[in-house]
Amino acid sequence: MIQKKQIGEAEALRKLGDLCARGEHCSGEMAEKLRKWGIAPDAQARIIDKLIDYKYIDDERFTRSFVRDKIAFNKWGRRKIEQALWQKRIPQSISQPVLDEIDAEEYLSVLRPLLKSKYPTIKAETDYERSIKLIKYAMGRGFTLDLIRQCIDDASIVDDINEDDAD
């Protein structure tokens with residue numbers, strides 16, 4: 001097995017600084033990299049503290065951009081975003097206020113077109129079966145049942161699709 005060259009504290013700080021300068025990262029990601037590189041726990045804490053002092057890492061800033069991007073580009077709901085932030089070791093004291101700021105209308109503006117585009121692709125014999133499949137799909141994307149029901153019960157999705165078929 002090939003042994004990797006041991007990386008020093010100064011080199012690790014430089015590498016992580018370069019990485020953070022190229023994109024937004026959280027302290028959990030940086031700690032994981034340091035652990036993989038075999039950096040001592042006390043040195044890890046010093047490096048993370050320096051990155052925070054130099055404003056390379058800011059978990060709240062990361063959380064805000066992460067949440068905004070996942071809603072806008074990945075079409076994720078609150079539950080899936082919460083789970084991803086938990087995996088990145090973002091404390092709930094940081095993530096909860098950011099998630100609470102998001103208006104339900106913003107989620108609905110993402111969920112409605114998502115369900116509308118999925119609706120014609122679902123193969124189901126009854127409307128009930130189609131609704132269940134739509135609910136499972138939306139829950140897999142991280143949306144809550146109350147928002148999903150609100151969109152499905154809103155006849156505009158089905159009416160819009162039926163109008164498109166008539167054209």
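**Helix packing in an all-helical predicted model**

Ile148 lies in helix 9. The model is a predicted one, and in it this isoleucine is buried, with a relative accessible area of 0%. Setting aside the neighbours within four places in sequence, Ile148 touches Leu111, Ile135, Ala138, Met139 and Phe143. One of these partners, Leu111, is 37 residues away in sequence, yet the two C-alpha atoms are 7.6 Å apart in space.

Two of those partners, Ile135 and Ala138, lead straight to helix 8, where they appear in the list of buried residues along with Arg130, Ser131 and Leu134. Looking down the axis of helix 8, the buried residues fall within an arc of 140 degrees, so they line one face of the helix. The general geometry fits this picture: an α-helix has 3.6 residues a turn, so residues three or four places apart point the same way. Helix 8 itself runs from residue 127 to residue 140, and its 14 residues reach 20 Å from the first C-alpha to the last, close to the 20 Å expected at 1.5 Å a residue. As for what sits on top of the buried residues of helix 8, the cover includes helix 7 (104–118) and helix 9 (145–153).

Just past the end of helix 8, the backbone does something worth a look. Gly142 takes a positive phi of about 95 degrees there. Then comes Phe143, which counts as buried at 3% relative accessibility. The chain holds two aromatic pairs. One of them is made by Tyr107 and Phe143, which meet edge-to-face, with 6.3 Å from centre to centre and 90 degrees between the planes. Tyr107 belongs to helix 7 and Phe143 to the loop between helix 8 and helix 9, so this pair ties together parts of the chain that are 36 residues apart in sequence. Tyr107, like its partner, is buried, with a relative accessible area of 5% for the tyrosine.

Earlier in the chain, helix 4 gives a second view of helix packing. Helix 4 has 14 residues and spans 20 Å from first C-alpha to last, again close to the 20 Å expected at 1.5 Å a residue. Its buried residues are Asp59, Phe62, Thr63, Ser65, Phe66, Val67, Lys70 and Ile71. Covering them are, among others, helix 2 (27–37), helix 5, helix 6 (92–100) and helix 7. Thr63 makes a handy example, sitting in helix 4 (residues 59–72). This threonine is buried, at a relative accessible area of 0%. Beyond the neighbours within four places in sequence, Thr63 is in contact with Leu85, Ile90, Ile94, Ser95 and Val98.

The loops on either side of helix 4 each carry a lysine with an unusual backbone angle. Most residues other than glycine have a negative phi. Lys55, in the loop between helix 3 (41–53) and helix 4, has a positive phi near 65 degrees. Lys75, in the loop between helix 4 and helix 5 (78–87), also has a positive phi, near 60 degrees. Their surroundings are not alike: Lys55 counts as exposed at 60% relative accessibility, whereas Lys75 is partly exposed at 32%.

Other lysines turn up against tryptophan rings. Lys70, one of the buried residues of helix 4, lies over the face of Trp76, at 4.7 Å from the ring centre. The charged end of Lys15, meanwhile, sits over the ring of Trp37, at 5.5 Å from its centre.

Stepping back to the whole chain, there are 10 helices and zero strands, so to speak a plain run of α-α-α-α-α-α-α-α-α-α along the sequence. Of the 167 residues, 37% are buried. Among the contacts between residues at least 6 apart in sequence, 60% join residues at least 24 apart. The contact of Ile148 with Leu111, at 37 residues apart, is one such link. The accessible surface of the chain comes to about 10,600 Å², and 51% of it belongs to carbon and sulfur atoms.

Note on methods. Residues are numbered from 1 along each chain as its sequence is written. This is a predicted model: local features need pLDDT of at least 70, side-chain atom pairs count only at pLDDT 80 or more; totals for chains, interfaces and linings use all residues. Side-chain values use heavy atoms; hydrogens and water are left out. Helices (H or I, at least four residues) and strands (E, at least two) are DSSP runs, numbered from the N terminus. The expected span of a helix is 1.5 Å times one less than its number of residues. Buried means under 20% relative accessible area, exposed over 50%, partly exposed in between (1.4 Å probe, protein chains only). The arc is that of the directions from the helix axis to the C-beta atoms. Contact means heavy atoms within 4.5 Å. Accessible areas come from the Shrake-Rupley method with a 1.4 Å probe; for residues, only the protein chains shown count as cover. Rings of Phe, Tyr and Trp (its six-membered ring) pair if their centres lie within 6.5 Å; planes under 30 degrees apart count as stacked, over 60 as edge-to-face and the rest as tilted. A charge sits over a ring if NZ of Lys or CZ of Arg is within 6 Å of the ring centre and within 35 degrees of the ring normal.
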